[in-house]
Amino acid sequence: MTQNDKSKESRMKSRVLLTVLPLLGATSGALGAPRRSAPIKQPSFRFASDKLEARWSYRTSLDTSKSGNATWLLGDPSAQNCVLLDLESNKNLVVALLVRVQNGKRTPLKTFGFPKQKGELGLIRVGRELSVLWNGNGLGQAQIDLGGNKLGVRTSGSWQVEEPQIQPTEAVVFRDDFMRASGPDSPEVPDEWSVQGVWKTSGTLGPRADASLSPNPFVFRASGAGDHVAKAGKWWWSGYSISASVRAVAADEDNSPLVAAIEGFSDGKNGVRGEVDFGTGVARILVNGHIVAASSPFDASIGEWHRLRLEPTNGSVRFLFDGNEVVHANCSLAQGSVALRAKTGTQNFVDFDDVRVGQGTQSDKDWGEGDLPERLVKDRLMRNWANAASAWKRSQSGIWWHTGDFWSDSNLQIPLPTLAKEGDGFRFYVGANPQNPPLGALVAAVSRKNGKLAVRLNGQTATMPFSSDAKNTVRLTLRATPKGHEDVLVWNGKPLFVLPAGARTGTKVGIEPTHNGLPLPIPPLEKLTLHATTFERDGHSVIGVNITPVSPQIARDMGLPDATGAVIDNVENDSPAQLAGFQNGDVVRAANGARVLDVDTMRSAVGGVRAPGTVTIDILRSKGDGSGLNWAGCRATTPNQLDYAFTSAPVDWKSARGNWEIAERWTCSPQWSFFAGQQDEFPLLWSRFALRGDWTLEAYVATPMDLTRGERSPMDLNISVGDGRNISSGYSFAFAAQNREKNIIWRGNSIAIEKPFEMPAGAGETHQDWFYVRLERRQTLRGVHFKWSVNGKTLGEYDDNAPLKNANRLAFWTKNGAMSLARVRLWHDGLMPLAPAPRSAKSQKVAFPNSLDGFTARGEGRAASAQLAMVKDAGATALEISNPRDGGDWTMYASRRPFDVSAKNGILSFAYRATPDVKVNLYALVAGLWREIAWTGGASRPEDNQPALGAISSVMADDKWHNARFDLEAALQRNGLSGNKVEAIAFAVPSRDYLRQGLGGNAEGTKYWLRDFKVSS
């Protein structure tokens, strides 16, 4: 800049200050206007060598506690087209003024002030928006247009700009699933994170597990007594929200600290933090280390996964727990890195997973789950649920329908293959009814005609140039807009047709390969005869293939004349079968001249040829479906879909009973791991979301192997839809129930449909299979209709003309101790908002005395088997016993003190009041065995193998007071136990049918009352 330029700039600066000072005084109130007796000559700007980009951040240390001023210029160095930020001391404040300069004309934009102190000035530019920060706090924003791309600064007085930094930036997109560990409990800390305290990438897998055969094996764990901090990011990160999945685990009830937090806009001293104290159920927001807001106590369940989300926007911050805002506060912090924080006791730990940092408008669902490991997607045992191609099923009419249902906006995207022949093409359906696909549906078509591509949508036609090697993508969309609904056809990323949408008659999306406008027939199957040499393996003759049954769907897809034979789904490398020319997908129809009806006859035929010997096999080989489509790339999507392969933490699910996490399924192949519920007789998993209206559920489930009981799949692979607390509140569908004797549908506590168990044909061996369970709920004029099927076979349809209320949350459960879930997909007509549940009172371990000993529950706190309280009832004091959970054993000890039974103390008696849904018996521990005294729960059956003493007579569960009497001395004599002490007495739920699962009685909150419990003559 020349001397003349300096003088000119000084004069211009003086003029602009004189011009805007009256404005500054008027707009900033108490800030006041600095007084000047005469213009002061300003020094020259010092410009950064780097050019400004569309997005950047700037920061510098500045001591404003002394007198001085400074000006920053953004844009044109000549100051003719730029933005000026002027800071000047004024009594106890620093006055800041933003000015726009266009063609030399100055326009004030914003005036603000802050205390005189030593701190850090920041500038953030995103597009046309400029934000000014002091010590990380946003002072103000303005819309700007720069006439250049330079940044300069000048200072006077005692002010000095120290260590200025300018950084080009991009929108913050950061995610971490902590999948880089080499194995379980690896000490590795990911490179992105700097830590204080004890952190490690950890997992729940066994020592023989393989991370590449697991959907989500690792978490980031903070453990041990103290405070733990893990930081990631850069000082210039801005304009984001942060979320993370969190599981806080307490080993005991010692009230040691258990706090989890996420923090944004952190610079080491400052930051905005959202934290949950899992000990008290209170959420808090802290700004710069100080609590500024706190919530009322709510149900922050220990040992379960939750989602924390922090959203700082426009001078405030919201803190969300499982999608619900629990606390908010004012906060103007706007820039900095992110942090995970935990405070734990010696035996406690906090797991973090699925950290997401992105733009504030992005919700957790925008991130979605992660991809499955490639080995899972390609493995022959997992293809039916892990590969996207499995969602398409061919109907008898030749249309490939997606298995989902699409009630809202829908999007079909297809990578078109080369249409090699004249007349080849496709027809696409959205919102269709398979019974009459064209009626009321969105119908589009693409075909090759006269060397070009003809594209049609609901009567609209366009012709596109054709190239034999072109890779074209067509997208068909039904979407809601502010003006209503639209039908849109997008060709290679550009809208080709946009039409008003009509009414839809269905919820299905379909693809129909065509030729000259007619459905494309399946190419004829190739008949081949192959010869393979057998070899011995585990005492059996084999040829090196894996075979599965021919299902009706496979027969339909391939055009087989019937659903018999065996499908080869894996050919071993270097095996006789591979040398003979066998391929995956071949259908075996005969072996050694005998017809192959199923998998067993195929194995028998090969096993009958002693190794080494030659077996002659007749096969049918498909040439494909003729469409040329890559079905895995044909995607049908909708916002009204939930899809869980459990590659992320299960924050949408509540572990009501058992331990639900990634665990092995096969003890013989422990390298494989899937999401499973274990460590309880009755693992129960509820959805945290509630459904509204119609829906379709698909789930791939199995019974894991057990080291003690071995193979027991399938058994009790059950689904319920209820109120989120009690499975008896809604409808339950039990597959392979009662030790694989029945398939049952319950309405509440009553059996609506009961049929003998039958095993539907699967995709492979039962030991390896995932059972494809499908449940559809439809509202009808008569009420509600459910259709339930397994592996494509309908097990039951049920209509309820008086539908149960609040049956809107899903549950997976079993009775046999373990259940594995590979994938859950849900298409729905809408979700209901749910607020956090209030925090329940903590159950204390208190003994309530009786004449023998004292009434006590097993365990305490959240693990207590019963909740006990003394209440006034019918003018007398009584003990109230409440069930703290759905089902369970509901154990309450009446005495743990052994006593002799004689004529003086041989009669057990008590007064009681019980409702009809209380199903509880008494149990006396005699000679080391718990022996049943039937009460409201009724006597066990011989097959239950429950030792018995007898039954209390004339039991009445009518919610009125009655007296019970049982002759213990006579019962011991009758059972050959005379002379034995009674070591303990307890009330508990009999292990019979599904009582401990909450079906038939004993729902959460069920109560009964006792008084005058004693043993006498």
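**Strands, cores and rings in a predicted model**

Strand β8 and strand β9 (residues 137-143) run antiparallel and are joined by six bridges. Strands here are DSSP runs of type E with at least two residues, helices are runs of H or I with at least four, and both are numbered from the N terminus. Two strands count as paired if DSSP finds at least two bridges between them.

Before I go on, a word on the source. This is a predicted model, in which local features need pLDDT of at least 70 and side-chain atom pairs count only at pLDDT 80 or more, while totals for chains, interfaces and linings use all residues. Residues are numbered from 1 along each chain as its sequence is written, and side-chain values use heavy atoms, with hydrogens and water left out.

Back to β8. Trp134 has Asn137 in β9 as its bridge partner. The hairpin of β8 and β9 has two residues between the strands, and Asn135 there takes a positive phi near 55°. On the other side of the sequence, strand β7 (residues 118-126) is joined to β8 by six bridges, again antiparallel. Ile124 stands opposite Ser131 in β8. β7 and β8 also form a hairpin with two residues between them, and Gly127 in that turn has a positive phi of about 65°.

Why is β8 called largely enclosed by the rest of the structure? Because five of the six residues of β8 (residues 129-134) are buried. Buried means under 20% relative accessible area, exposed means over 50%, and partly exposed is in between, with a 1.4 Å probe and protein chains only.

Next, a sheet. Six strands form an open sheet in the order β1-β10-β3-β4-β5-β6, with antiparallel pairing. Its edge strands are β1 (46-47) and β6 (105-115), each of which pairs on one side only. Strand β5 (residues 93-102) is joined to β6 by 10 bridges, and Leu93 has Pro115 in β6 as its bridge partner.

Now the cores. A nonpolar core is a set of buried Ala, Val, Leu, Ile, Met, Phe, Trp, Tyr and Cys residues joined through side-chain atoms within 4.5 Å. How many residues does the largest nonpolar core have? The count is 48, and the residues with the most contacts inside it are Phe319, Leu340 and Phe352. Strand β17 (residues 240-249) gives the most to this core, with five residues. Another core lies apart from it and has 41 residues, among them Val901, Leu908, Val920 and Ile933.

On to the aromatic rings. Rings of Phe, Tyr and Trp (its six-membered ring) pair if their centres lie within 6.5 Å; planes under 30 degrees apart count as stacked, over 60 as edge-to-face, and the rest as tilted. The whole structure has 53 aromatic pairs. Phe646 and Phe675 are a stacked pair, because their ring centres are 4.2 Å apart and their planes are at 20°. This pair links distant parts of the chain, 29 residues apart: Phe646 is in the loop between β48 (641-644) and β49 (653-657), and Phe675 is in strand β51 (residues 669-678). Phe646 is buried, at 2% relative accessible area, and Phe675 is buried at 2% as well.

Phe735 and Phe757 make a tilted pair, since their ring centres are 5.7 Å apart and their planes are at 55°. Phe735 is buried at 0%, and Phe757 counts as buried at 19%. Ring pairs also link a cluster that includes Phe174, Trp193, Tyr240 and Phe352. Phe352 was named earlier, among the residues with the most contacts in the largest core.

Charges come in here too. A charge sits over a ring if NZ of Lys or CZ of Arg is within 6 Å of the ring centre and within 35 degrees of the ring normal. The charged end of Arg665 sits over the ring of Trp770, 4.6 Å from its centre. The charged end of Lys815 does so over Tyr994, at 5.0 Å.

Last, the backbone. Most residues other than glycine have a negative phi, and most peptide bonds are trans. The peptide bond from Ala611 to Pro612 is cis, with omega near -10°. Pro612 is in the loop between α7 (599-607) and β46 (614-621). Ala874 is not a glycine, yet has a positive phi of about 55°. Ala874 lies in the loop between β67 (867-873) and β68 (876-882) and, at 65% relative accessibility, counts as exposed.
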